[in-house]
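Welcome, and thanks for taking a look at this structure with me. Please open it in your viewer, and we will walk through it together.

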Amino acid sequence: MREALAQARAAAALGEVPVGAVVRTSQGVVAKAHNETMARGDPTAHAELLALQRALARSGDARLLGATLYVTLEPCAQCAGAMVLAKLGRLVFGAWDPKAGMVGSLGDLLRHPRLNHRVEVVAGVLADEGGELLRGFFRERRPGASDLGSEPED
């Protein structure tokens, strides 16, 4: 998760929302990424999606069954859906995203009983650090506008 946080800090330095992701397999770290939505002019260029794409390209396979994705923020619907499609083994995330998170906050795509694959989930790892990166980023740009990093409301 520390490597994902380093990626998030790199994103912030570029003016991107500070979210970082790292894919690790039995061979070690195989992919790293941070948000690139502004740089690419592409709202789908999330850290998780880019890291998954890089890991899949490196593996030469269409599945990441034994892989773990570390990401600093609870994934959105797009990224959670990509994890299911890639058959990711495990997700470890930091801060909760009560506005757009789909791994427990708004819904749970990764463990939905009707889908053909369920991803193991570990939540809240270094959540305070990742959440503070996000809150600081948004405080600078949008005063008074960020509840990212809070626990989900059940």
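A good place to start is with the rings. In this predicted model, there are 2 aromatic pairs. In one of them, the ring centres of F93 and W96 lie 5.0 Å apart and the planes meet at 90°, so the pair is edge-to-face. F93 and W96 are both buried. The other pairing joins F137 and F138, again edge-to-face, with 5.2 Å from centre to centre and 85° between the planes. Both F137 and F138 are buried as well.

That second pair takes us to helix α5, which runs over residues 127-141. The helix has 15 residues and spans 21 Å from the first C-alpha to the last, close to the 21 Å expected at 1.5 Å a residue. Its buried residues are A127, G130, G131, L134, G136, F137 and F138. As general background, an α-helix has 3.6 residues a turn, so residues three or four places apart point the same way. What do the buried residues of α5 pack against? They meet α1 (2-13), together with the strands β3 (68-73) and β4 (90-95).

The packing of α5 with α1 can be described in more detail. Two packed helices are described by the angle between their axes and the distance between the axes. For α1 and α5, the angle is about 10° and the axes are 10 Å apart. The two helices are therefore roughly parallel, the cut-off for that label being an angle under 35 degrees. On the α1 side, the contact is made by R2, L5, A8, R9 and A12, while α5 contributes E129, G130, L133, F137 and R141. By character, the residues of this contact divide into 5 nonpolar, 1 polar and 4 charged. Notice that F137, a member of an aromatic pair, is also part of this contact.

Next, have a look at H34, which sits in strand β2 (residues 28-34). Is H34 buried or exposed? Its relative accessibility is 12%, so H34 counts as buried, since the cut-off for buried is under 20%. Leaving out residues up to four places away in sequence, H34 touches Q7, A10, A11, L14, V19, G20, A47 and L50.

Helix α4 (residues 77-85) has its own set of buried residues: C79, A80, A82, M83 and V84. Among the elements that cover them are α3 (47-59), β3 and β4. One of those buried residues, A80, also leads us to D108: the two are 28 residues apart in sequence and 8.4 Å apart in space, C-alpha to C-alpha. D108 belongs to the loop between β4 and β5 (120-122). With 24% relative accessibility, D108 counts as partly exposed. Apart from neighbours within four places in sequence, D108 is in contact with M102 and V103.

Finally, the backbone deserves a glance. Most residues other than glycine have a negative phi, and most peptide bonds are trans. Just after α4, however, K87 takes a positive phi of about 55°, although K87 is not a glycine. K87 lies in the loop between α4 and β4 and, at 16% relative accessibility, counts as buried. L126 also has a positive phi, near 55°, and is likewise a residue other than glycine. L126 is found in the loop between β5 and α5, and its relative accessibility of 30% makes it partly exposed.

How values were computed
Residues are numbered from 1 along each chain as its sequence is written. This is a predicted model: local features need pLDDT of at least 70, side-chain atom pairs count only at pLDDT 80 or more; totals for chains, interfaces and linings use all residues. Side-chain values use heavy atoms; hydrogens and water are left out. Helices (H or I, at least four residues) and strands (E, at least two) are DSSP runs, numbered from the N terminus. The expected span of a helix is 1.5 Å times one less than its number of residues. Buried means under 20% relative accessible area, exposed over 50%, partly exposed in between (1.4 Å probe, protein chains only). Contact means heavy atoms within 4.5 Å. Rings of Phe, Tyr and Trp (its six-membered ring) pair if their centres lie within 6.5 Å; planes under 30 degrees apart count as stacked, over 60 as edge-to-face and the rest as tilted. Axes are lines fitted to C-alpha atoms, for helices over the stretch in contact, and angles run from 0 to 180 degrees between N-to-C directions. Angles under 35 degrees count as roughly parallel, over 145 as roughly antiparallel, 65 to 115 as roughly perpendicular and the rest as oblique. Ala, Val, Leu, Ile, Met, Phe, Trp, Tyr, Cys and Pro count as nonpolar, Asp, Glu, Lys and Arg as charged, and the others, Gly among them, as polar.
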